[in-house]
Amino acid sequence: MRPGAIGALLIAAVAVVSAQGQRQVSLLVTNGIVVTMDGGGRVINPGSVAIDGADIVGVDTAGAIRQQFRGRDTIDAAGQVVMPGLVNTHTHAPMVLYRGLADDLALMDWLNNYIFPAEAKTVSPEFVRAGTRLAALEMIESGTTTFADMYYFEEEIARETKAAGLRGVLGETVIQFPVADARTPADALARAETFIKAFKGDPLITPAVAPHAIYTNDSATLKAARELSTRYNVPTIIHMAETQAEATTAKERGSPSVVSYLDSLGFLGPGVVAAHAVWVNDADMTILKARGVGVSHNPESNMKLASGIAPVKAYLSAGVAIGLGTDGAASNNDLDMFEAMRDASFLSKVATSDPTAVSAKTALQMATMGGARVLGMDRQIGSLEPGKHADVIVVGMSAARQTPMYDPISHLVYVTRGDDVQTTIVNGKVLMRNRKVTTLDAAAVLKDARMWAGKVRAAVAR
Ligand SMILES: [Zn+2]
């Protein structure tokens, strides 16, 4: 036998062995520019991701995945970025129905004279369900796979979130004054407890307790809310040090700052997700780090309401867990996490006069692994690694504004928009494929939202 023939035989033998050894999996995402966001920051091009059921089972070069796996379904991601789904660490999903209702106002004027009155007249289980469907549609379309929420009738939000296929850390609001789903804080706490019992252990929903803020809750309510979440080992979500005025409340209660006040109550600890954390001093920063509190940075909301600029660079150097959020759509006015990344980077640069303050890589990290860490889910989501849940997005990179491309990470943060997301996968399930959302009837969701807008308009007419 000629040497060439022996070589051919050997190649054939290897092919047979690998064909037999191939593992059949539910889904392959192939031939993309795989931005893993793993510890080594690997970018694999061309790379593929193998998904079986709810989990990622392989992340490697396209060739290596082809050798090891056979997919019952395959998504070709040639020329596109394959990356972990984005983690929105702070929103109020149903508030998409108040999008554009009242703009260009300061937080307290906006809340007390527009948002709280509108909510008092319009929030109901049906309203919350319609709003959550609209928010879920927008999030799926713009590549968000996990969101942290704080609102009313949170069990309804949980049902719609599950139906849409998204992952949610959902906090039932606790607030001192009567609201649509609770007459008293005690009612709200009871509702939160029922909600926790109903959803604890759900594969997509993590129930949480969400005392609104220190200026909307007294000390006893804040303590009781924290105690409830500690008892059930679920997250606590709170607005913290969002505006400078909030410090007045802390001072009235005998503490120099919002953070020191919450710490004096024994409120701060692992599992606390603090939204905004704009007005903090060095001592506060040390407390937040020591207590293991996660910070949700919401650059667009902070800019729009002129709340201030969070010291993101300082949080990063202190090693505080920090992620990005949009806040509710009424103060943003959308749920696009690509914009949140870009604005987080730009705002930090201008605030510190340092163009290196928040790099594209850091912004992307905050929107993925950083957010996962804030929500206590960094072992389950936030990066593309075998063993993690399959929360994966495929992002188009062929628009004029994305051409040419030297560095995919630069493009993801500085030129990409939510609309560029082509495919969204959560827990191994494809929620959107080539821009077609599979879990929601988009036309019906939009029609329903417009109907609710008519009711909101009528309710706030003076
Ligand atoms: Zn908020």
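Which residues does isoleucine 44 touch, not counting residues up to four places away in sequence? The first close-up takes this up, and every view here comes from a predicted model.

**View 1. Isoleucine 44 and its contacts.** Find isoleucine 44 in strand S2, which covers residues 43-52. Leaving out residues up to four places away in sequence, isoleucine 44 touches Gly32, Ile33, Val34, Thr36, Val59, Asp60 and Thr61. Take Val34 from that list: valine 34 and isoleucine 44 are ten residues apart along the chain, and their C-alpha atoms are separated by 4.9 Å. Buried or exposed, which is isoleucine 44? It counts as buried, because its relative accessibility is 9% and the cut-off for buried is under 20%.

**View 2. The zinc ion and its protein donors.** Here the zinc ion sits with His90 (NE2), His92 (NE2), His239 (NE2) and Asp327 (OD), its protein donors, at 2.1 to 2.3 Å. Along the chain, these donors follow the spacing H-x1-H-x146-H-x87-D. One pair links distant parts of the chain: histidine 92 is in the loop between strand S6 (86-91) and helix H3 (107-122), while histidine 239 is in strand S10 (residues 236-240), 147 residues apart. Histidine 92 is buried at 7% relative accessibility, and histidine 239 is buried too, with a relative accessible area of 5%. As for geometry, the angles among the four donor atoms run from 86 to 174 degrees, and the site is irregular.

**View 3. The largest cavity.** Staying with those two histidines, we now look at a cavity with a volume of about 200 Å³. Its lining has 20 residues, and the closest to its centre are His92, Met95, Leu111, His212 and His239. Helix H3 and strand S7 (144-151) are the elements that give two or more residues to this lining, and H3 supplies the largest share, six residues. Sorted by type, the lining has ten nonpolar, seven polar and three charged residues.

**View 4. The second largest cavity.** This one has a volume of about 30 Å³. Around it you'll spot Pro84, Gly85, Thr145, Ile381, Gly382, Ser383, His389 and Asp391. Two of the lining residues are nonpolar, five are polar and one is charged.

**View 5. The largest pocket.** About 550 Å³ of space lies in this pocket. It is lined by 26 residues, with Thr206, Asn233, Pro235, Leu375 and Gly376 closest to its centre. Strand S8 (167-174), strand S9 (205-211), helix H7 (219-232) and helix H14 (360-374) each give two or more residues to the lining. The lining splits into twelve nonpolar, nine polar and five charged residues.

Note on methods: Residues are numbered from 1 along each chain as its sequence is written. This is a predicted model: local features need pLDDT of at least 70, side-chain atom pairs count only at pLDDT 80 or more; totals for chains, interfaces and linings use all residues. Side-chain values use heavy atoms; hydrogens and water are left out. Donors are N, O and S atoms within 2.8 Å of the metal (3.2 Å for Na, K and Ca); water is not among the atoms, so sites may look incomplete. Four donors count as tetrahedral if all angles lie between 85 and 135 degrees; four count as square planar and six as octahedral if opposite donors are over 155 degrees apart and all others between 65 and 115; anything else is irregular. Helices (H or I, at least four residues) and strands (E, at least two) are DSSP runs, numbered from the N terminus. Buried means under 20% relative accessible area, exposed over 50%, partly exposed in between (1.4 Å probe, protein chains only). Contact means heavy atoms within 4.5 Å. On a 1 Å grid over the protein atoms alone, a cavity is a set of points where a 1.4 Å probe fits but cannot get out, and a pocket is an open set with protein on both sides within 12 Å along at least five of seven lines; lining residues have an atom within 4 Å of a point. Grid points are joined across faces, edges and corners, and a volume is the space filled by probe spheres set on the points. Ala, Val, Leu, Ile, Met, Phe, Trp, Tyr, Cys and Pro count as nonpolar, Asp, Glu, Lys and Arg as charged, and the others, Gly among them, as polar.
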